[in-house]
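Colleague: I am new to reading protein models, and I would like to go through one slowly with you. Could we put the sequence and the structure in front of us before we begin?

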Amino acid sequence: MRSFFAMERKDGLLEIRGQDARHIASVLRMKPKDALTAVLPAGDRAYCVIESISEDTVLMRPVSVVKDDSEAHLRITLLQAIPKGQKMDYIVEKCTELGFSRIVPVISRYCVAREASSGKLNRWRSLAHEAAKQSGRGSVPEVSDVTSLEAALSEAAEGGAFIIFLWENEKLNGLSGCAGSIKGAGDVVLVVGPEGGFSEEEAELARAKGAYVAGLGPRILRTETAPVAAGAVVLYIAGELGPRIE
């Protein structure tokens with residue numbers, strides 16, 4: 001059953017507003033007494049009965065609540081140098097499906113796009129919301145405001161995350177070489193460059209911040225392919241792409 005993100009009300013009902021509410025009413029054509037699954041702010045999943053539907057609000061009464069286990073135990077943040085065109089749309093959508101916790105658009109030396117309008121940021125956040133809903137996630141990843149590569153690396157280092165800086169000129173180290181660090185990490189930060197890649201100076205900056213600099217093999221991946229491929233490998237190493245053994 002498809003799920004929607006809902007807000008909790010003081011009267012015990014759950015509320016869905018805006019575009020999702022209009023989708024439930026106009027596209028799905030649901031009515032009072034129909035069953036609907038909602039994701040609560042804490043991430044738990046509530047099985048509900050619809051109480052009322054208006055043009056932009058759906059009210060539901062929860063029948064039962066179960067703990068959600070869809071979220072990855074490993075928090076992955078993507079620092080993505082802004083690519084040209086609409087490639088970021090694909091990156092946000094697929095990384096959300098995989099289970100990334102946060103996506104940070106960054107400006108690096110070879111970025112052609114040097115900023116993102118509020119309209120683009122709102123679009124990326126909307127795409128993350130829709131992808132989280134479609135993939136049955138218990139939360140929507142944060143899409144942060146644009147920042148510089150240096151500032152984003154500094155924040156990651158200060159937060160104690162394990163940073164993996166993907167660089168096509170790194171020929172010795174791969175993701176398998178840091179498997180132990182991935183398994184022991186609570187937070188992993190993946191850093192991906194734009195179409196032109198990263199400069200030597202940026203790679204050295206990453207090393208100075210404590211990053212593990214890694215290549216992804218002899219083939220050059222597109223900027224929109226690299227985070228998806230690397231993210232899948234990291235999640236696999238962390239045991240997040242198979243049955244969970246508690």
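Modeller: What follows takes up a helix, a helix pair, some salt bridges and two unusual backbone angles. This is a predicted model, in which local features need pLDDT of at least 70 and side-chain atom pairs count only at pLDDT 80 or more, while totals for chains, interfaces and linings use all residues. Residues are numbered from 1 along each chain as its sequence is written, and side-chain values use heavy atoms, with hydrogens and water left out.

Colleague: What span should the twelve residues of helix α7 have?

Modeller: Helices (H or I, at least four residues) and strands (E, at least two) are DSSP runs, numbered from the N terminus, and the expected span of a helix is 1.5 Å times one less than its number of residues. For α7, residues 226-237, this gives 16 Å, and the end C-alpha atoms are 16 Å apart, which agrees. Just after α7, G239 takes a positive phi of about 80°.

Colleague: Which residues of α7 are buried, and what covers them?

Modeller: Buried means under 20% relative accessible area, exposed means over 50%, and partly exposed lies in between, using a 1.4 Å probe and protein chains only. In α7 the buried residues are A226, P227, V228, A230, G231, V234, L235 and I237. Their cover, counted by contact (heavy atoms within 4.5 Å), includes the strands β7 (75-81), β11 (162-166) and β12 (187-192), together with the helices α2 (87-98) and α5 (179-184).

Colleague: How do α2 and α3 cross?

Modeller: Two packed helices are described by the angle between their axes and the distance between the axes. Axes are lines fitted to C-alpha atoms, for helices over the stretch in contact, and angles run from 0 to 180 degrees between N-to-C directions. The axes of α2 and α3 (residues 118-134) come within 8 Å and cross at roughly 30°. On the side of α2, M88, D89, V92, E93, T96 and E97 take part, and they meet R123, W124, L127, A128, A131, A132 and Q134 of α3.

Colleague: How many salt bridges are there, and where does R207 find partners?

Modeller: Side chains of opposite charge can pair when their charged atoms come close. A salt bridge here is a side-chain nitrogen of Lys or Arg within 4 Å of a carboxyl oxygen of Asp or Glu, and by this rule the count comes to 18. R207 pairs with E170 at 3.3 Å, N to O; this pair links distant parts of the chain, with R207 in helix α6 (residues 200-208) and E170 in the loop between β11 and α5, 37 residues apart. R207 is partly exposed at 33% relative accessible area, whereas E170, at 11%, counts as buried. R207 also forms a salt bridge with E204, the closest N and O atoms being 2.7 Å apart. These two are three residues apart in α6, which means that about one helical turn separates them.

Colleague: Which residues that are not glycine have a positive phi?

Modeller: Most residues other than glycine have a negative phi, and most peptide bonds are trans. Among the residues to look at here are R29, with a positive phi of about 55°, and K33, with one of about 85°. R29 lies in the loop between α1 (19-27) and β4 (35-39), and K33 is placed in the loop between α1 and β4 as well. R29 is exposed, with a relative accessible area of 60%, and K33 is exposed, with 75%.
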